[in-house]
Amino acid sequence: MGVILTKSNHSNIEVGTQRAPQQNPMASHFLQRLSLMITGDKRTGTTQLNLSERAIIGRSSDSGDTQPELDLAPYGGASGGVSRIHAALGLDGEHVYVEDLNSTSGTRLNGLPLTPHEQYRLRSQDELEFGRVRVVVRF
């Protein structure tokens, strides 16, 4: 069974300047709640993420000036190569996507490296790697 990466037609979007994608209200209710199984050096756990438009994935800073919506610091994010602002999850119509935000260690989708600032469609059960921290996405 091969892995297919599907790029969205939105590329080279900078954080903070993207207009909210138009959404199908029925689809967003179905897709906005994601279950994330996270495996890192320090622990493993499952968390829920309510995704309305776009959520930043990264690790919090000791000073508190960086607070991503999905903080991978408790899972060994610093030692696992997770950037403070590593990637984003978002909704594009009725599809969930991931976008690497030019992270230092890169992002992988089902083992394949992502091109920074390109959006890739996710399917339930896809595995993401942010540095060496793994996240299985279910929706």
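Student: Which residue stands opposite Ile-56 in β6?

Tutor: In this predicted model, Ile-56 has Ala-88 of β6 opposite it.

Student: What makes β4 and β6 a pair of strands?

Tutor: Two strands pair when at least two bridges join them. Between β4 and strand β6, residues 85-92, there are 5 bridges, so the condition of at least two is met. The two strands run antiparallel.

Student: How do you know that β4 and β5 pair, and in which direction do they run?

Tutor: Here 2 bridges join β4 to strand β5, residues 70-71. The cut-off is at least two, so this counts as pairing. β4 and β5 run parallel, with Asp-71 in β5 as the bridge partner of Gly-58.

Student: Why is strand β4 called mostly covered?

Tutor: Strand β4 spans residues 54-58, and 4 of its 5 residues are buried. Buried means under 20% relative accessible area.

Student: What joins Glu-99 and Arg-54, and why does it carry that name?

Tutor: The side chains of Glu-99 and Arg-54 meet with N to O at 3.1 Å. The limit is 4 Å, so the contact is a salt bridge. The pair links distant parts of the chain: Glu-99 belongs to strand β7 (residues 95-100) and Arg-54 to strand β4, 45 residues apart.

Student: Is Glu-99 buried or exposed, and how do you know?

Tutor: Glu-99 is buried, because its relative accessibility is 0% and the cut-off is under 20%.

Student: How many salt bridges does the structure hold?

Tutor: There are 3 salt bridges in the structure. One of them joins Glu-127 and Arg-134, at 3.9 Å from N to O. Another joins Arg-134 and Glu-129, with the closest N and O atoms 3.8 Å apart. Both distances satisfy the limit of 4 Å, so both contacts qualify.

Student: What makes Glu-127, Glu-129 and Arg-134 one network?

Tutor: Their salt bridges share partners, and this joins Glu-127, Glu-129 and Arg-134.

Student: Which of Glu-127, Glu-129 and Arg-134 count as buried, and which as partly exposed?

Tutor: Glu-129 is buried, because its relative accessibility is 13%. Glu-127 is partly exposed, with a relative accessible area of 24%, and Arg-134 is partly exposed at 41%. The partly exposed class lies between the limits of 20% and 50%.

Student: How do you know that Arg-43 lies over the face of Tyr-75?

Tutor: Arg-43 is 4.5 Å from the ring centre of Tyr-75. The distance limit is 6 Å, and the charge must also be within 35 degrees of the ring normal. Arg-43 is listed as lying over the face of Tyr-75, so both conditions hold.

Student: How many aromatic pairs does the structure hold?

Tutor: The structure holds 0 aromatic pairs. The cut-off for ring centres is 6.5 Å.

Student: What is the order of the strands in the open sheet?

Tutor: The open sheet has 6 strands in the order β3-β2-β12-β11-β8-β9, with antiparallel pairing. β3 (44-50) and β9 (112-113) are the edge strands, each pairing on one side only.

Student: What makes β8 and β9 a pair?

Tutor: Strand β8, residues 107-109, is joined to β9 by 2 bridges, and at least two are required, so the strands pair. Leu-109 stands opposite Leu-112 in β9.

Student: What is notable about the phi of Asn-110?

Tutor: Phi of Asn-110 is positive, about 50°, although the residue is not a glycine. Asn-110 sits in the loop between β8 and β9. At 29% relative accessibility, Asn-110 is partly exposed.

Student: Why is Ser-35 in strand β2 classed as it is, buried or exposed?

Tutor: Ser-35 has 18% relative accessibility and therefore counts as buried, the cut-off being under 20%. Strand β2 covers residues 33-39. Leaving aside residues up to four places away in sequence, Ser-35 touches Thr-46, Thr-47, Gln-48, Val-136, Val-137 and Arg-138.

Student: Where does pLDDT stay under 50?

Tutor: It does so over residues 1-29, for which the model has 47 contacts beyond four places in sequence. Where pLDDT is low, the predicted coordinates should not be read in detail. The protein chain averages a pLDDT of 83, and 78% of the residues score at least 70.

Methods:
Residues numbered from 1 in each chain as written. Predicted model: local features only at pLDDT ≥ 70, side-chain atom pairs only at ≥ 80, totals over all residues. Heavy atoms only, no water. Phe/Tyr/Trp six-rings, centres within 6.5 Å; stacked < 30°, edge-to-face > 60°. pLDDT = per-residue confidence, 0-100. Contact = heavy atoms within 4.5 Å. Helix = DSSP H or I, 4+ residues; strand = E, 2+ residues; numbered from the N terminus. Buried < 20%, exposed > 50% of the residue type's maximum accessible area, 1.4 Å probe, protein only.
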